[in-house]
Amino acid sequence: MAVSSNMALKSSVSLGKTDFMGKTVLRQSAAPASAKPTVSLAVRAAGYEDELVKTAKSIASPGRGILAMDESNATCGLRLASIGLENTEANRQAYRQLLVTTKGLGEYISGAILFEETLYQSTTDGKKMVDALAEENIVPGIKVDKGLVPLAGSNNESWCQGLDGLASRTAAYYKQGARFAKWRTVISIPNGPSELAVTEAAWGLARYAAIAQDNGLVPIVEPEILLDGEHSIDTTLEVAEKVWAKTFYFLAENNVLFEGILLKPSMVTPGASAKVRSTPEEVAKYTLTLLKRRVPPAVPGIMFLSGGQSEVEATLNLNAMNQSPNPWHVSFSYARALQNTVLKTWKGQPENIESAQKALLLRAKANSHAQLGKYSAEGEAEEARKGMFQANYSY
């Protein structure tokens, strides 16, 4: 065997003589014309390609968006405390049940992002939460990141953990009924952002997206540009362009199927403490400029986060972006901007469930109209106009 191996090696290499600057040197001859180069093809999405594309298109359907109800148990506890309720599993179940059992919600909501507890939870009458959503033609999704932690070597910035064990977790979530996933990382403008933080955020999102697709889940890619700061809208645009350029570079490097992802970007706005505010028309202009410069048209849907804007402000800005055709479905993935009035209407009282569900339908319908470019803020309640920004907000 050793002899034949050496012979094979020698037969594949041909040395000849040539003159160079008056000296005879050896050269390696070109490979024979019959030799064929070895080509390694990347495997994308582990055979789920068609299903991923179908799921993404279903979520990015006209007049519909995403209800983000994936607050961690700790954050959900803060919401409950605001209406005088203890942070118990029973109270979290009662509130989430109110949301997922709202009749007619599927007319305006195409997907719902759940926390892990909710994915495995049932209503008080024994129906799985995911089945309640399916009855309304709402696709269940799941938050898969493990939260933010300090990023060593950065300017007091953070990175998102959760890649360890993600493959097995996403496979289990798919089996439980989830069909899309969410991973939120953040970029802070007042803290830099440093090159290290931007690279870490983009690479983490790309690895997560590839792993999610390999296990049948459409990944929502969410590098949130935080509202914290006094910066101008031009500064936000500059940072966002840098973040999204690096994110799509790494998505491509990781062989992520663009037709099988959704984006959840921040709108391009001034910092929350900026003295100069922007109109919805200006926000729309800057945000669409960002998208057209950075997002390939192969991506089916852009599902904006509200980021602490008031319910009305988030809806007005979305409406302004849909006044002319876009290459992608431009819609919403709101948490507080859909739930704030709902929670305050419910107050933890069973007799208020119907009123709270009507409030949810009202906000969902308003944003459905905004996705179609047909929203008007006329008649909106004063409560819906109040901002909800919280510095250093975390889910």
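**Entry 1. Strand E12 and its partners**

I began at glycine 301, whose bridge partner in E12 is histidine 329. The model I am reading is a predicted one. I then looked up the pairing around this spot. E11 and E12 pair in the parallel sense, over four bridges. I checked E3 next. E3 also pairs with E12 in parallel, over two bridges. Here I noted isoleucine 66, which stands opposite serine 333 of E12.

How many residues of E12 are buried? I found six of the six buried, so E12 is largely enclosed by the rest of the structure. I sorted them by face. His329, Ser331 and Ser333 lie on one side. Val330, Phe332 and Tyr334 lie on the other. Both faces are covered. I kept the general rule in mind: side chains in a regular strand alternate between the two faces of the sheet.

**Entry 2. Serine 331**

I picked one residue of E12, serine 331, for a closer look. Is serine 331 buried or exposed? Its relative accessible area is 0%, so I wrote it down as buried.

I looked for a polar partner of the side chain. A polar atom of the serine 331 side chain lies 2.8 Å from the backbone oxygen of arginine 64. I then listed the contacts of serine 331, leaving aside neighbours within four places in sequence. They are Arg64, Gly65, Ile302, Met303, Phe304, Leu318 and Gln371.

**Entry 3. The barrel**

I stepped back to the whole sheet. Eight strands form a closed barrel, in the order E3-E4-E5-E8-E9-E10-E11-E12, with parallel pairing.

I followed one pair in detail. Strand E8 covers residues 180-187 and strand E9 covers residues 218-225. They run parallel and are joined by eight bridges. Phenylalanine 180 stands opposite valine 218 in E9.

Then I looked at the helices on the sheet. Helix H11, residues 311-321, packs on it and touches strand E11 (301-304) and strand E12 (329-334). I read about 170 degrees between the directions of H11 and E12. Helix H9, residues 233-253, lies across E8, E9 and strand E10 (262-263). H9 runs at about 150 degrees to E9.

**Entry 4. Salt bridges**

How many salt bridges does the structure hold? I have 13 on record.

I started with lysine 182 and aspartate 70. Their side chains meet in a salt bridge, at 2.7 Å from N to O. The pair links distant parts of the chain, 112 residues apart. Lysine 182 sits in strand E8. Aspartate 70 sits in the loop between strand E3 (65-69) and helix H3 (73-81). I checked accessibility for both. Lysine 182 counts as buried at 0% relative accessibility. Aspartate 70 is buried too, with a relative accessible area of 0%.

Lysine 182 has another partner, glutamate 222. The closest N and O atoms of this salt bridge are 3.8 Å apart. Glutamate 222 is in strand E9 and lysine 182 in strand E8, 40 residues apart. Glutamate 222 is buried, again with a relative accessible area of 0%.

I turned to lysine 246 and glutamate 195. Their side chains meet in a salt bridge at 2.2 Å, N to O. Lysine 246 lies in helix H9 and glutamate 195 in helix H8 (residues 195-214), so this pair ties together parts 51 residues apart in sequence. Lysine 246 is partly exposed, at 21% relative accessible area. Glutamate 195 is partly exposed as well, at 40%.

I then checked for shared partners. Asp70, Lys182 and Glu222 are joined into one network by salt bridges that share partners.

**Entry 5. Asparagine 137**

I looked up asparagine 137 next. It is in the loop between helix H6 (129-135) and strand E5 (139-143). Which residues does asparagine 137 contact, leaving aside its neighbours within four places in sequence? I found Arg64 and Ser110. I had met Arg64 before, among the contacts of serine 331. I also noted isoleucine 109, which is 28 residues from asparagine 137 in sequence and 8.6 Å from it in space, C-alpha to C-alpha.

**Entry 6. Cysteines**

Last, I looked for disulfides. A disulfide is a covalent bond between the sulfur atoms of two cysteines. With a sulfur-to-sulfur cut-off of 2.5 Å, the count comes to zero disulfides. I looked up the burial of cysteine 76 and cysteine 160. Cysteine 76 is buried, with a relative accessible area of 4%. Cysteine 160 is buried, at 6%.

Conventions: Residues numbered from 1 in each chain as written. Predicted model: local features only at pLDDT ≥ 70, side-chain atom pairs only at ≥ 80, totals over all residues. Heavy atoms only, no water. Pairing = 2+ DSSP bridges. Contact = heavy atoms within 4.5 Å. Axes fitted to C-alpha atoms, helices over the stretch in contact; angles between N-to-C directions. Buried < 20%, exposed > 50% of the residue type's maximum accessible area, 1.4 Å probe, protein only. Polar contact = N/O pair within 3.5 Å; in protein donor to acceptor, adjacent residues only side chain to side chain. Salt bridge = Lys/Arg side-chain N within 4 Å of Asp/Glu carboxyl O.
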